[in-house]
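This report looks at side-chain packing, taking the aromatic rings, the nonpolar core and the cysteines in turn.

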Amino acid sequence: ENVTNINDLRNLQSDPNFTVTIANGVRTGLAHMNMSAGRLLSNKTLREAVLMALDDETMCSITVGGLYTSGFSVLPSNLDYGYQSLTDPYAFDKEAAIQKLDEAGIVDTNGDGIRELDGREVILHYVTYPNRCLSDFAEAIQQQLAEIGIGVDLEIGDSARQWDSYQSGYFDLNGSNWT
């Protein structure tokens with residue numbers, strides 16, 4: 001129970017002393033977006049572009065080796081709450097995300113690779129902790145957002161720091177997981 005990285009899982013699977021059974025659980029990994037006034041993600045266009053730029057299928061199947069199943073709801077897809085009838089309003093489409101940002105004037109004016117919004121560089125402060133692949137997701141998100149000109153400043157600490165950040169609102173993205 002609670003194998004938290006693909007290398008440990010593979011080691012257990014290759015060891016004849018263990019029988020490994022895999023099943024979907026109900027733990028949900030989240031990256032909360034802080035949409036409070038004054039925060040970068042209070043801009044709806046930027047939020048939508050961020051969501052469209054993230055390839056959650058690749059992150060779940062490759063980055064963390066299948067330890068997560070991609071989804072777009074707070075409730076896990078394996079629970080019988082009608083998940084299959086939902087439609088992801090911000091499905092992965094990197095080119096559409098770039099176009100959306102360009103059309104909104106969220107562009108890189110100084111050539112440093114980072115877009116600006118209202119004269120401010122778009123560098124999102126992402127707070128998380130390394131448990132259950134959360135730091136792997138954070139690093140993948142940082143890389144994918146860099147491809148569309150959005151910077152991500154990672155703060156990978158412990159779960160107490162993540163929770164304090166969430167409670168105080170001092171974050172743009174805040175990674176956690178819950179059952």
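## Aromatic rings

Trp 163, Tyr 166 and Phe 171 are linked into a cluster by ring pairs, where rings of Phe, Tyr and Trp (its six-membered ring) pair if their centres lie within 6.5 Å. By this rule there are two aromatic pairs.

## Basis of the values

This is a predicted model, in which local features need pLDDT of at least 70 and side-chain atom pairs count only at pLDDT 80 or more, while totals for chains, interfaces and linings use all residues. Residues are numbered from 1 along each chain as its sequence is written, and side-chain values use heavy atoms, with hydrogens and water left out.

## Nonpolar core

The largest nonpolar core (buried Ala, Val, Leu, Ile, Met, Phe, Trp, Tyr and Cys residues joined through side-chain atoms within 4.5 Å) has 32 residues, and Leu 46, Val 50, Leu 124, Leu 145, Ile 148 and Ile 150 are those with the most contacts inside it. At least two residues of this core come from each of helix H2 (44-53), helix H3 (56-63), helix H4 (94-103), strand E4 (123-128) and helix H5 (134-146), with H5 supplying the largest share, six residues; helices (H or I, at least four residues) and strands (E, at least two) are DSSP runs, numbered from the N terminus.

Beyond residues up to four places away in sequence, Ile 148 touches Ala 49, Ala 53, Lys 94, Ala 97, Ile 98, Leu 101 and Arg 115, contact being heavy atoms within 4.5 Å.

## Cysteines

The count of disulfides (pairs of cysteine sulfur atoms within 2.5 Å) is zero, because the sulfur of Cys 60 is 9.6 Å from the closest cysteine sulfur, in Cys 133, too far for a bond. Cys 60 is buried, at a relative accessible area of 7%, and Cys 133 is buried at 3%, where buried means under 20% relative accessible area (1.4 Å probe, protein chains only).

Terms used
Buried means under 20% relative accessible area, exposed over 50%, partly exposed in between (1.4 Å probe, protein chains only). Rings of Phe, Tyr and Trp (its six-membered ring) pair if their centres lie within 6.5 Å; planes under 30 degrees apart count as stacked, over 60 as edge-to-face and the rest as tilted.
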